[in-house]
Amino acid sequence: MEIVKNWKLHVLTILIVIVSELIGIRKIGILVLMPILYATVFGGIISAPKLKILSMKDMEHASAIFPVALMILLAKVGLGVGPKLAEIMSAKGTIFLQMFAHFLGTMVISLPIAMLLGLRRECVGACYSLGREAQVAIIAEKYGISSEEGHGVMGVFIVGTVLGALWTSIFTSVIVSLGIFHPYALALGAGTSSMSMSTASLEVIRSYYPDPTLMETVQAYTNTSNLLVNVLGLYANMFITLPLCSALYNFFNRFRKQGKAAAAN
Amino acid sequence: MEQKKNIATIEWTKIKSGAIIIFLAAVFTAIGNTIQTYVKSDLETVSLLKSLEGSLVIFGVAMIGYIISQMPYLKKLSPVFWVGIVGVVMSTPIFPGSDYICNASNVIQFAALGTPTLAYAGLALGKDLPMLKKMSWRIIIVGCAVILGTFLLAAIVSQITLTMEGVI
């Protein structure tokens, strides 16, 4: 309850909301800047330790409030699915397939890069999932948060929080403007990210395809895929992707060691 | 370290503080939503009262899911799971009152829901910045690769299977 009574946080939040929404969506070239991005950045600036506006405790409270406040977003995601259920079921196979694509997608590009950059077991924590709150908890339980795996997942969690929405809107803009993908496929791609990133992608897609009926279906696809990933993700991450990523790391690490040994000779 | 949850009890304090936090997030969303509809030229303006009604309906749905997620044994599954499921069930056409629930909550822009939540996340960021610095630029590249890979692979697979299924 102490967390809830931190009125300083709530007052700052409503001020941030008002200012962010007043600025509104701005397009700079292919870059789409959104209120959720301003809100994150303003929050980050206000909480910078140098400014001494918020104490360590305030920030801990804010990070405890965040996942609970997220419930309202999740409820809306769920509400968007029901009316479209019948329509979405016609693409059932696709939605399930892209969900598996999501689980492999987190590591397909990132694991090789992480290993080339010389990260060690951090790779496993970083690449086995999108690294949101629930996935941080999985690693914390299995390896401990101060382990190498723990550093990896915390790193990706922070990167996702700070840069997730920005990075997502940048590459979504590029991918959408290429015109290779149908908006439905983009919608399913967008849905596999965390909530804030999904929202960012969806806003970019919306700015390219303003047709409201098309967007309604696009949003329903995104919501369903997002819901599936969120609902099943925890278990898939725990039982499939974490062991898989760990095994892949060990497998490739052998070559890295051999390469080093060969270079030494 | 995380504490082991006692799964046979109801978490009353968590429900109480959860209710306050979700309520505040709902009210902030309503304010942000109304501002957004005034700022964005292509949106029909929505009065604050109408926004409040919509966000309180969403609050209700979220609370039902959240309370379920704190019940004995049910809390083994995350609140994410329960809140999402409750939302789906309450908006299917066969659910009594789903018309009202959908119409009322539709006035809330999806983007407006993220702003208050992300503001809280932002306010927690200051303390994580030194750690991110310590992880250096490599983790930033890896993190971006994680996000991009997820989007790309899902979009590619979807494009192929949707084409094969004849949906697009």
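Colleague: What relative accessible area does Phe42(A) have?
Modeller: This is a predicted model, in which local features need pLDDT of at least 70 and side-chain atom pairs count only at pLDDT 80 or more, while totals for chains, interfaces and linings use all residues; side-chain values use heavy atoms, without hydrogens or water. Residues are numbered from 1 along each chain as its sequence is written, with chains lettered from A and ligands numbered from 1 in the order in which they are written. Buried means under 20% relative accessible area and exposed over 50%, with partly exposed in between (1.4 Å probe, protein chains only). Phe42(A) is partly exposed, its relative accessible area being 26%.

Colleague: Which aromatic residue forms a pair with Phe42(A)?
Modeller: Rings of Phe, Tyr and Trp (its six-membered ring) pair if their centres lie within 6.5 Å; planes under 30 degrees apart count as stacked, over 60 as edge-to-face and the rest as tilted. Here the centres are 6.5 Å apart and the planes at 35°, a tilted pair. The two residues are four apart in helix α2 (residues 35–47) of chain A and therefore separated by about one helical turn; helices are DSSP runs of H or I with at least four residues, numbered from the N terminus. The partner is buried, at 11% relative accessible area, and is Tyr38(A).

Colleague: What is the geometry of the pair Phe251(A) and Phe252(A)?
Modeller: Phe251(A) is partly exposed at 39% relative accessible area, and Phe252(A) is partly exposed at 40%. Their ring centres are 5.3 Å apart and their planes at 75°, so the pair is edge-to-face.

Colleague: Which residue of chain B joins an aromatic cluster with Trp167(A) and Phe171(A)?
Modeller: The whole structure holds seven aromatic pairs over all chains. The cluster of Trp167(A) and Phe171(A) is completed by Phe151(B).

Colleague: Which helix gives the largest share of the largest nonpolar core?
Modeller: A nonpolar core is a set of buried Ala, Val, Leu, Ile, Met, Phe, Trp, Tyr and Cys residues joined through side-chain atoms within 4.5 Å. The largest has 60 residues, and Ile72(A) and Ile22(B) are among those touching the most other members. Eight residues, the largest share of this core, come from α4 (residues 71–81) of chain A.

Colleague: What is the mean pLDDT of chain B?
Modeller: pLDDT is the predictor's confidence in each residue, from 0 to 100. Among the elements of chain B, helix α2 (residues 48–69) has the highest mean, 95, and helix α5 (residues 110–123) the lowest, 84. In chain B, 93% of residues reach 70 or more, and the mean is 86.
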